[in-house]
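This report goes through selected helices, helix pairs and a strand pair. Please keep the sequence and the structure at hand while reading.

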Amino acid sequence: MEQQLTDAQRKQLFWACFLSLMAAGVGFAYRVMVLGDWGTEFNLTGGEMGRIFGASLWPIAVMMILFSLVVDFVGYKRSMYLAFFFQAASAVLTYLAKSPTDLYWAALCAGLGHGIIEAVINPVCATLYTTQKSKMLNILHASWPAGLVAGGTVMILCNDVSWQLNALWVLVPVLAYGIMFIKAVFPVDERVAAKVPYSVMLKDVGFLSSSIAAFLLFYELTNVFTGTPPNVFFALGVGVAIGAVFGFITKSPGKPLYFILCLLMIPLATTELGTDAWIKQLMTPVMGEYAAWAIVLSALIMTVLRFQAGVLTSRFSPPTILVISSFFSMMGLIALSQVDGPMVFAAFVLYAIGQTFFWPTVLGFASEQFPEGGALSLNTVSAIGLLSVGIVGGPIIGIFNDNHTTNNIKEVSTEVYEASKVEKEFFGAPYEATDSAKAIELAATIGKSEEITEATTKAGRQSLKTVALAFPLVMMICFGLIGFWYKSKGGYQPRVLEASWE
């Protein structure tokens, strides 16, 4: 049920949405590139820099879920102009910043604006192209890596310009989409047009998926506002309690397949976003001092391929595309963990291809199979992915690295191992890490500095292989089983809401 907008209106709205997410990508690239400059100028600790950068991330998921609940009442155009205000304010506040507090508020505005954008553009795209959701959501989300390419390239080329002036580059795409939205005509949401009751929209999420979202939100916000993460079992209990209330109100446990999709967003988001921190380090042997271009190259590959998503979506169902992506990601990560020299570049390209179609294909999958859920089911699955990276995915990769580092050092020298090992805990489970400063200091006194350095470097690459086996392999199996389930039912078919719902 594609609504009666003209082709010109449809294209203008789509590209305005594209530019809005691209603007968020440009802002993200800017903050990644200047974070070290902020630390130097304001004498910030790693924790303080992390707090500022984190302020641009955690509000995204919060606003995605919040606006998914109210966007049909607030209106798409009003919501987008609120996002425009926040993004423009972020750039201006950064330009005028005189203290870390100013930078924090600027980053917070960026996160609030980004969250609203995601909450709006995903359901708008799904409504504009109800029979091409997976294809068009992939093209729409080419805007994020396009923003990384544009922002990263500008920042590298303008390296000699002050970070204050560089902040104004973010305003370029913000002003562009703001102007485009002035005359944009928004469609009525697919769910609303089909007269699906608001109460029915909530049923797809129900008890199961709302419990995951509530747990992750409570854990993240408690950590943000208190500076200390809550006990994981307490946070889980709070999440289940909130989920139970939501399930009671909606009289729904939630759709099991949607719940599985939400769970799979945890390994998916970790594979796509959590491993990106290794790109620069792994590309240094090939690109040397130009390794900073690695993230730009990765984003460029994703941008180009997402524009070609129709080639895949016309031939394969979303579960099959996700199996293919999982396979390429697994092979790419395993290759990155083992190859050297020029082959690192080939492995890196393989990895970039693998992660390209993950996120937008899941959005297309959710929108095609749960259209009654409207903006809420579409954006909740994405919000869970974003939250899980910081709470689960990132720390787990760090634990993998700690484990390999500790084992490698133990093989080199039990003396260094015993002196530098540190007991840590993750979600109540103990594990061993290494105090790097102590290990390096002691290694120097016994003449094993080179061996310990090599052991630490090797651990990073070993971690990638562990990630490959822990996440993409699991996804490949799970999405494969989902694909076989659809095949047993006669094949995958998108669900399109009719003009009226009963």
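Which residue follows α3, and is its phi positive or negative? The residue after α3 is Gly 75, and its phi is positive, near 100°. The model described here is predicted.

## Helix α3

Helix α3 covers residues 58-74. Its 17 residues should span 24 Å at 1.5 Å a residue, and the end C-alpha atoms lie 22 Å apart, which agrees. The helix nevertheless bends by about 50°, and the bend is at Ser 68.

Ser 68 is also one of the buried residues of α3. Before it in the helix, the buried residues include Trp 58, Pro 59, Ile 60 and Ala 61. Met 63, Met 64, Ile 65, Phe 67 and Val 71 are buried as well.

## Helix α14

Helix α14 runs over residues 256-272, which makes 17 residues. From its first C-alpha to its last it reaches 24 Å, close to the 24 Å expected at 1.5 Å a residue.

A bend of about 30° falls at Met 265 in α14, and the proline Pro 267 follows within four residues. The helix is mostly covered, with 13 of its 17 residues buried.

## Two helix pairs

Helix α1 (residues 7-42) packs with helix α9 (residues 171-182) at an angle of about 160°, and their axes are 8 Å apart. Angles over 145 degrees count as roughly antiparallel, so α1 is described as roughly antiparallel to α9. The crossing of these two helices, α1 and α9, is left-handed.

The second pair is helix α5 (residues 100-128) with helix α6 (residues 133-140). Here the packing angle is about 140° and the axes are 9 Å apart. That angle makes α5 oblique to α6. The crossing of α5 and α6 is right-handed.

## The β1-β2 hairpin

Strands β1 (residues 421-426) and β2 (residues 429-434) run antiparallel and are joined by six bridges. Phe 426 stands opposite Ala 429 of β2.

The hairpin has two residues between its strands. Phe 427 in this hairpin takes a positive phi, near 50°. As a general point on strands, side chains in a regular strand alternate between the two faces of the sheet.

Terms used
Residues are numbered from 1 along each chain as its sequence is written. This is a predicted model: local features need pLDDT of at least 70, side-chain atom pairs count only at pLDDT 80 or more; totals for chains, interfaces and linings use all residues. Side-chain values use heavy atoms; hydrogens and water are left out. The expected span of a helix is 1.5 Å times one less than its number of residues. The bend at a residue is the angle between axes fitted to the seven residues ending there and the seven starting there. Buried means under 20% relative accessible area, exposed over 50%, partly exposed in between (1.4 Å probe, protein chains only). Two strands pair if DSSP finds at least two bridges between them. Axes are lines fitted to C-alpha atoms, for helices over the stretch in contact, and angles run from 0 to 180 degrees between N-to-C directions. Angles under 35 degrees count as roughly parallel, over 145 as roughly antiparallel, 65 to 115 as roughly perpendicular and the rest as oblique. A crossing is left-handed if the near helix is turned anticlockwise from the far one by less than a right angle, and right-handed if clockwise.
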